[in-house]
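Biologist: Could you take a close look at one part of this protein with me? I would like to start from a single charged pair and then see how the rest fits around it.

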Amino acid sequence: VAIFSLLVPTFSLVAETTKNDKNEIEKQVDTLNFGLESDIIELIENLTKEKDPFLSEEIKTLFDETRNVNIRKKIIYYFQVLKNDCLKDFCLDFLLDPYEEETEYVAQVMQYVSALKINEAASEILDILKSDNEQFKNMSITALGQIGGKEEADYLIEYFKNEELDVIEKQTLLKALGNLALVETYDDLIEIATDEDENTFVRRYAIEAASKMGKKEVVKILVEMSRSSDPNIRSIVVQSAGNFVSNSSDCDKEALIIILDGLKDNHQNVRMESVKVCREKKLSASEKPLLFRAKNDPVANIKYECYYALAGIGSKDCSEFLSSVLNDDKMSETNRAKAVDAIFEYTVTACYDDVKKLSEKALNDDKLKNLRYAIGKSLANHDNLNFEVICLGFLKHKDVATKGTGIDIYARNNYIAARPLIEEIANNDEKGNALKRKAKLTLEKTKNR
């Protein structure tokens, strides 16, 4: 018995209960302890998707005790998503000699140290790249772009010049240099970017990398490249110009012109990049052209991106436009749902009354149930204490999916008045009720808030 107990992970989180009295957390712990590989992986994937740290200690214990690579990969990704560095020592040791391990396992470890900025791993990964192991080449270059320094950047430039690389490998390397953004590589990157004999996408990555270094002289090169007949070049020029625009007085005027011209470009990819820059920078100078694009652009996704950009700017005219989308019954459900999400994303309080009216309308009209689901999903993805009444409306609805969305909204925002309704669902006598299980689990996770 003693020997057997060493082989089975044990978790102390939950006190022993009778078989019929186990709550949802205990069932999850049992899955980690005794479940099939497929059940364990499914549970960890769900916890990862929800960014749920509740069982992180138990999952770390499982990682230490299992030798199942498939489970370990899922656990590494779980802690990567949580930004938890509890696997740091394991990863540093692992990267000293990964050559007999499966490629996906090594890739997951490199992604983990990259995401958590474990810079101590850079020298080990550089050694892996120098080993000329083909299966680890691209992943090593990518990782060095996240955690490397001057030594790694110098090596990558020389690697680009002296090795026979295919287009994908060149792109990966230049993207890594862009992430490192070390000015010592600037001249080499400009040389690549302006070489018209080089592959278009390689040039894209080179100018993008050079533009991340904050050297304003690159704007002159961007102006020249913006005249290219190739929309792939024009779109990256717009994106790169975004590094030099803002709402402050030091905004580079030539870079701003590139962005505003991009909003008029015939090619949709260039227009989309321009709108994304306007959204990221909340460019007040782009308000009028964005309003025009939001109303008239022939590409739906560009219109939707304009909604977010306008919500970010948040002026009176922007708010009034977004409200007009919500209140227009001729607008598609998708248009209205995107406007709602933009309003939540950027906390456009001036539009909240109109969001509430539309939500109530969707709750009372099954013809608008797709809009109802979209509004609920959006509210469940944002912290917002102003919509308790709407959450109650979801929980009281006869439609099961609507109730389930109401539980998600409560899980995010913890409305006090909603808890009794969640308890009512959790105490439903119907066996095998998925909604009941969801309600019970939500109550368990929110009981100490």
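Which residue forms a salt bridge with Arg 336, and how far apart are the closest N and O atoms?

Modeller: Happy to! Please keep in mind that this is a predicted model. The partner of Arg 336 is Asp 329, and the closest N and O atoms of this salt bridge are 3.1 Å apart. The two ends of the pair sit in contrasting surroundings. Arg 336 has a relative accessible area of 4%, so this residue counts as buried. Asp 329 has a relative accessibility of 52%, and because the cut-off for exposed is over 50%, Asp 329 counts as exposed.

This pair belongs to a longer list, since the count for the structure comes to 26 salt bridges. Let me walk you through some others. Lys 170 and Glu 198 meet through their side chains at 3.6 Å, N to O. Lys 170 lies in helix 11 (residues 167-180), while Glu 198 lies in the loop between helix 12 (186-193) and helix 13 (200-211), so this salt bridge ties together parts that are 28 residues apart in sequence. Both ends are shielded here: Lys 170 is buried, with a relative accessible area of 19%, and Glu 198 counts as buried at 16% relative accessibility. Lys 170 falls just inside the limit, because buried means under 20%.

That loop between helix 12 and helix 13 also holds Asp 195. With a relative accessible area of 32%, Asp 195 is partly exposed. If you want a sense of distance across the model, Asp 195 and Ala 342 are 40 Å apart in space, C-alpha to C-alpha, with their positions 147 residues apart in sequence.

A similar arrangement of helix and loop appears with Arg 234, which forms a salt bridge with Asp 265, the closest N and O atoms being 2.9 Å apart. Arg 234 lies in helix 15 (residues 231-241) and Asp 265 in the loop between helix 16 (253-262) and helix 17 (268-281), so the two tie together parts that are 31 residues apart in sequence. Arg 234 counts as buried at 15% relative accessibility, and Asp 265 is buried too, with a relative accessible area of 14%.

Salt bridges can also join up into a network, as they do for Glu 50, Asp 52 and Lys 445. Pro 53 is found in the loop between helix 3 (37-49) and helix 4 (56-65). Pro 53 is partly exposed, with a relative accessible area of 47%. Leaving aside residues up to four places away in sequence, Pro 53 touches Tyr 78 and Leu 82. The C-alpha atoms of Pro 53 and Tyr 78 are 9.1 Å apart, although the two residues are 25 apart in sequence.

Lys 445 leads us to helix 27 (residues 434-446), whose axis comes within 10 Å of the axis of helix 25 (residues 400-413) and crosses it at roughly 5 degrees. These two helices are therefore roughly parallel to each other. On the side of helix 25, the contact is made by Val 400, Lys 403, Gly 404, Ile 407, Asp 408, Tyr 410 and Ala 411. Helix 27 contributes Leu 435, Lys 438, Ala 439, Thr 442 and Thr 446. The residues of this contact divide into six nonpolar, three polar and three charged.

What about the cysteines? A disulfide is a covalent bond between the sulfur atoms of two cysteines. The structure holds zero disulfides. The sulfur of Cys 91 has its closest cysteine sulfur in Cys 86, at 9.1 Å, which is too far for a bond. Cys 91 counts as buried, at 0% relative accessibility. Cys 251 is in no disulfide either, and the nearest cysteine sulfur, that of Cys 278, is 11 Å away. Cys 251 also counts as buried, at 8% relative accessibility.

To place these details in the whole, the protein has 27 helices and zero strands. Its C-alpha atoms fill a box of roughly 70 × 65 × 30 Å along the principal axes. Of the 449 residues, 49% count as buried, Arg 336 being one of the buried residues. Among contacts between residues at least 6 apart in sequence, 64% join residues at least 24 apart.

Definitions and conventions:
Residues are numbered from 1 along each chain as its sequence is written. This is a predicted model: local features need pLDDT of at least 70, side-chain atom pairs count only at pLDDT 80 or more; totals for chains, interfaces and linings use all residues. Side-chain values use heavy atoms; hydrogens and water are left out. Axes are lines fitted to C-alpha atoms, for helices over the stretch in contact, and angles run from 0 to 180 degrees between N-to-C directions. Helices (H or I, at least four residues) and strands (E, at least two) are DSSP runs, numbered from the N terminus. Angles under 35 degrees count as roughly parallel, over 145 as roughly antiparallel, 65 to 115 as roughly perpendicular and the rest as oblique. Contact means heavy atoms within 4.5 Å. Ala, Val, Leu, Ile, Met, Phe, Trp, Tyr, Cys and Pro count as nonpolar, Asp, Glu, Lys and Arg as charged, and the others, Gly among them, as polar. A disulfide is a pair of cysteine sulfur atoms within 2.5 Å. Buried means under 20% relative accessible area, exposed over 50%, partly exposed in between (1.4 Å probe, protein chains only). A salt bridge is a side-chain nitrogen of Lys or Arg within 4 Å of a carboxyl oxygen of Asp or Glu.
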